[in-house]
Amino acid sequence: MTPTQPVGRYRWTICALLFFATTVNYLDRQVLSLLHPTLEEEFGWSNTDYSNILAAFQFIYALSMLFVGRIIDRLGTKWGFAVAIIVWSVAAIVHAVAIPIGEGAVSLLGVFGITGLSVSVVGFIIARALLGFGESGNFPAAIKATAEYFPKKDRAFATGIFNSGSNVGAILAPLTVPWMALNWGWQSTFVVIGAVGFLWLIFWFWFYEKPEKQKRLSVAELAYIQSDVEVVDVPADREEEKAEKVPWVRLLGYRQTWAFAAGKFMTDGVWWFFLFWLPAYLKAQYGMEGVAIMLPLAVLYSMTMFGSIGGGWFPKYYINKGYSPYDGRMKAMLIIALFPLVVLAAQPLGGISYWIPVVLIGVGASAHQAWSANIFTTVSDMFPKITVASVTGIGGMAGGLGGVVMSKLGGAVFDHYAAIDRIHTGYTIMFSICAVSYLIAWVIMKSLVPRMKLVDLK
């Protein structure tokens, strides 16, 4: 490839597919939180009931992450991603019939002497658990596709772009779900949004193929994609054989795996807390629900677009100055970890206007997306491609468990302080945890992996 020869841009078509898949992923994920105030009144849920439903999603998501990466490594990116989106799209639609499902499950459990369960809570727990299983495949598959189609120096930027789909999903959801629920009923929102995933599948099968087999890819672009020199690599026809020789137990023996897992555990729960509890926060503190929350949440999640894309670009500044990919990324992540501290002011200043906490939480959520774009890419910085999905799955499991902790903690804290008419104190506590989690995570990660060290599987 000569310096003047154009590289080509087909890899960005793949990035666009990953972006839209992540958008759909977050649309499906957020419907319940936006309907929470409505369902809470209709079925008489407590904060603990709601947190149990959230925890079911997050626990199954976390558990699935332990093996979904390995499944994707075995199936390959194309079919692994397709199976994942089919499962989670079906699960999203199943929410519409959560009550009949709950009635059947409660009746069955009654046969075994388990009684006193809420039909609605059990039904939604089952639906959310199935959704968690399907959605767990999105990020391992997307990170694997990114590692296949982008050299290391571009992966954080590509990851930031496709990860911004989570922001777009979070923006579109409050702009559509309350309106659909008001005009068509809450069941319709699950059906309509769940069906979008099947539309994405058509384009995925049409446009995606491994780079070595992709006929739309120019020779120059393929050479650019493969410009990295892997410390450990194998021929394409032996990747499956090699992957079978890297068990999870061995991956857990690397400090790099634990650094990634610790970072995910400490910070994923923060994002999910914002995603799942902000509609409840606006209702509890400002009496806002239904279509009234559309604009504030849309503005808040629009802000996160800057963090997702800008955070992916930021490490290149240090990498271009001579830092290794990991070291440049960690330096950028330290700066990013300072921004969520503004969330500490959300409650003290919230009495002035609800827009102040919306903007401050927006800054914190934007920082999370910048952090997320980089922490995902630390895996492909240090691990061979054949293990990327598996390591991402391990970290995703840790992040899911962090989400379970945040959801259960939030439900208990909010029920306690609501009972003594001090719900604002409950949110102050939870926002404080969210604010400091990133700095703690960075310190742990840096302690485990002080500097760039490639994993050698030999």
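**Salt bridges and a nonpolar surface patch in the predicted model**

Glu41 is exposed, with a relative accessible area of 54%, a value that lies above the cut-off of 50% used for this class. As the structure is a predicted model, this and the following descriptions refer to computed coordinates. The side chain of Glu41 meets that of Lys283 in a salt bridge, with a distance of 3.1 Å from N to O. Because Lys283 belongs to helix α12 and Glu41 to helix α1, this pair ties together parts of the chain that are 242 residues apart in sequence.

Lys283 also forms a salt bridge with Glu40, for which the closest N and O atoms are 3.3 Å apart. This second pair likewise links distant parts of the chain, since Lys283 is placed in helix α12 (residues 255–286) and Glu40 in helix α1 (residues 10–43), with their positions 243 residues apart in the numbering. Glu40, Glu41 and Lys283 are thus linked in a network of salt bridges. Lys283 itself counts as partly exposed, because its relative accessibility of 22% falls between the limits of 20% and 50% that bound this class.

In the model, the count of salt bridges comes to 7. Among them is the pair formed by Asp73 and Lys144, whose closest N and O atoms are 3.0 Å apart. Here, too, distant parts of the chain are linked, with Asp73 in helix α2 and Lys144 in helix α6 (residues 138–149), 71 residues apart. Both Asp73 and Lys144 are buried, whereas Glu41 is exposed.

Turning to the surface, a nonpolar patch of about 410 Å² is made by Phe59, Leu63, Phe265, Leu401 and Val405. Helices α2 (47–75) and α17 (385–419) each supply at least two residues of this patch. Val405, one of the patch residues, is located in helix α17 and is partly exposed, with a relative accessible area of 45%. Because membership of a patch requires over 30% relative accessible area, the value of 45% for Val405 meets this requirement.

A further position considered is Ala345, which lies in the loop between α14 (325–338) and α15 (346–349). Ala345 counts as partly exposed, at a relative accessibility of 27%. The C-alpha atoms of Ala345 and Ile429 are separated by 12 Å, while the two residues are 84 residues apart along the chain.

How values were computed
Residues are numbered from 1 along each chain as its sequence is written. This is a predicted model: local features need pLDDT of at least 70, side-chain atom pairs count only at pLDDT 80 or more; totals for chains, interfaces and linings use all residues. Side-chain values use heavy atoms; hydrogens and water are left out. Patches are made of residues with over 30% relative accessible area and no salt bridge: like charges are joined within 9 Å, nonpolar side chains (Val, Leu, Ile, Met, Phe, Trp, Tyr) within 5 Å. Accessible areas come from the Shrake-Rupley method with a 1.4 Å probe; for residues, only the protein chains shown count as cover. A salt bridge is a side-chain nitrogen of Lys or Arg within 4 Å of a carboxyl oxygen of Asp or Glu. Helices (H or I, at least four residues) and strands (E, at least two) are DSSP runs, numbered from the N terminus. Buried means under 20% relative accessible area, exposed over 50%, partly exposed in between (1.4 Å probe, protein chains only).
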